[in-house]
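Here is my note on the model, point by point. Please read it with the structure open.

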Amino acid sequence: MRIAVIADIHGNVRALEAVLRDLKHQAPDAVVNLGDCVSGPLWPEETASLLRDLDWPTVRGNHDRVVAAGAVPSDNRTDSFTEAALSAQSAAWLSSLQPAIRFSDEIFLCHGTPRNDNAYLTEDVVAGGARSASEPSVFERLEGETSPVICCGHSHLPRLMRLHVSGQLVLNPGSVGLQAYEDETPTPHQMATCSPHARYALLDNLEGTWSVSQRIIDYDWAAAAKEADLNGRPDWAHALLKGYMQPDP
């Protein structure tokens, strides 16, 4: 059994297309999507249309939730752009997504934590950035979820943790479409992988044992940065092109 795990596309259809090309060579038995599918000043409708056709099991991310609820305030520039760009069919698809999916007896899918799509599972926010959360903290954030494999996104940082107390694997595949961002929740901070490549992960079950490999994929990030610039978002353009946020002047 081989499962491809993707997350945080954020409307970057160019990165998604590159991942799809790579998936043809990896031949997974299934692909799962951990959410934040379309929200970004890039190609929301094109991304949604492609994902609708692919019909992967897809979790609703925090940005998906905000956009699907409608009436996004204009000061939320990213989600309001996305809401305006989506067709009625894509908006309905986004509204149909579930906050978590029990993919199998062994695999549980969520965006943030099992109960909160806007919380980090494997990171603590500190001093404007993030560090790996302790094992007791991660176990507590699972809130009793006992699946052997927990797949989460939201932080955009590729990570694999084995919880010794339970034997569970916690996997964040990293982000397909956005390698750096800044956020105000829970306090102002930045996340960055420090290269612009698209990322996803492969879960392989061999004789009852799960192993994980990370895929780091080249794509035309200059085209994505150009699209962000055209849509009035130089902050996104820099993040897409560099994999980290523009330093303060």
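1. Start with helix α8, residues 234-242. Its buried residues are W236, A237, H238, A239 and L240. The cover over these buried residues includes α4, β10 (180-183) and α7 (221-230). Just after α8 comes G243, with a positive phi of about 90°. Keep in mind that this is a predicted model.

2. Helix α3 can be read in the same manner. Which of its residues are buried? In α3 they are N62, D64 and V67. These buried residues pack against α4 and α5. The helix is followed by G70, and the phi of G70 is positive, near 80°.

3. Now the packing of α3 on α4. Helix α3 covers residues 62-69 and helix α4 covers residues 77-85. The two pack at an angle of about 55°, and their axes are 9 Å apart. That angle makes α3 oblique to α4, because angles under 35 degrees count as roughly parallel and 65 to 115 as roughly perpendicular. The crossing of α3 and α4 is right-handed.

4. Which residues make the contact between α3 and α4? From α3 come H63, V66 and V67. From α4 come D79, T82 and E83. By class, the residues of this contact divide into 2 nonpolar, 2 polar and 2 charged. V67 of α3 appears in this contact and is also among the buried residues of α3.

5. The loop between α3 and α4 holds D75. Is D75 buried or exposed? D75 is exposed, because its relative accessible area is 66% and the cut-off for exposed is over 50%. D75 and T187 are 112 residues apart in sequence. In space, their C-alpha atoms are 18 Å apart.

6. A second helix pair is α2 (residues 44-54) with α5 (residues 88-95). Here the packing angle is about 65°, and the axes are 10 Å apart. The crossing of α2 and α5 is left-handed. On the α2 side, E45, A48, S49, L51 and R52 make the contact. On the α5 side, Q89, S90 and W93 do so. The contact of α2 with α5 has 3 nonpolar, 3 polar and 2 charged residues.

7. A general point helps in reading such lists. An α-helix has 3.6 residues a turn, so residues three or four places apart point the same way.

8. Stay with α2 and look at T47, which is found in this helix. T47 counts as buried because its relative accessibility is 0%, and buried means under 20%. What does T47 touch, leaving aside neighbours within four places in sequence? T47 is in contact with I9, G11, N12, V13, L16, C37 and V38.

9. Last, a loop serine. S147 is found in the loop between α6 (135-141) and β7 (149-151). S147 is buried, because its relative accessible area is 3%, against a cut-off of under 20%. Its side chain makes a polar contact with the side chain of E145, at 2.6 Å. Not counting residues up to four places away in sequence, S147 touches R102, D105, E106, I107, F108 and Q168.

10. Two loop residues are worth viewing side by side. D75 lies in the loop between α3 and α4 and is exposed. S147 lies in the loop between α6 and β7, yet S147 is buried.

Methods
Residues are numbered from 1 along each chain as its sequence is written. This is a predicted model: local features need pLDDT of at least 70, side-chain atom pairs count only at pLDDT 80 or more; totals for chains, interfaces and linings use all residues. Side-chain values use heavy atoms; hydrogens and water are left out. Axes are lines fitted to C-alpha atoms, for helices over the stretch in contact, and angles run from 0 to 180 degrees between N-to-C directions. Helices (H or I, at least four residues) and strands (E, at least two) are DSSP runs, numbered from the N terminus. Angles under 35 degrees count as roughly parallel, over 145 as roughly antiparallel, 65 to 115 as roughly perpendicular and the rest as oblique. A crossing is left-handed if the near helix is turned anticlockwise from the far one by less than a right angle, and right-handed if clockwise. Contact means heavy atoms within 4.5 Å. Ala, Val, Leu, Ile, Met, Phe, Trp, Tyr, Cys and Pro count as nonpolar, Asp, Glu, Lys and Arg as charged, and the others, Gly among them, as polar. Buried means under 20% relative accessible area, exposed over 50%, partly exposed in between (1.4 Å probe, protein chains only). A polar contact is a pair of N or O atoms within 3.5 Å; within protein, one must be able to donate a hydrogen and the other to accept it, and residues adjacent in sequence count only if both atoms are side-chain atoms.
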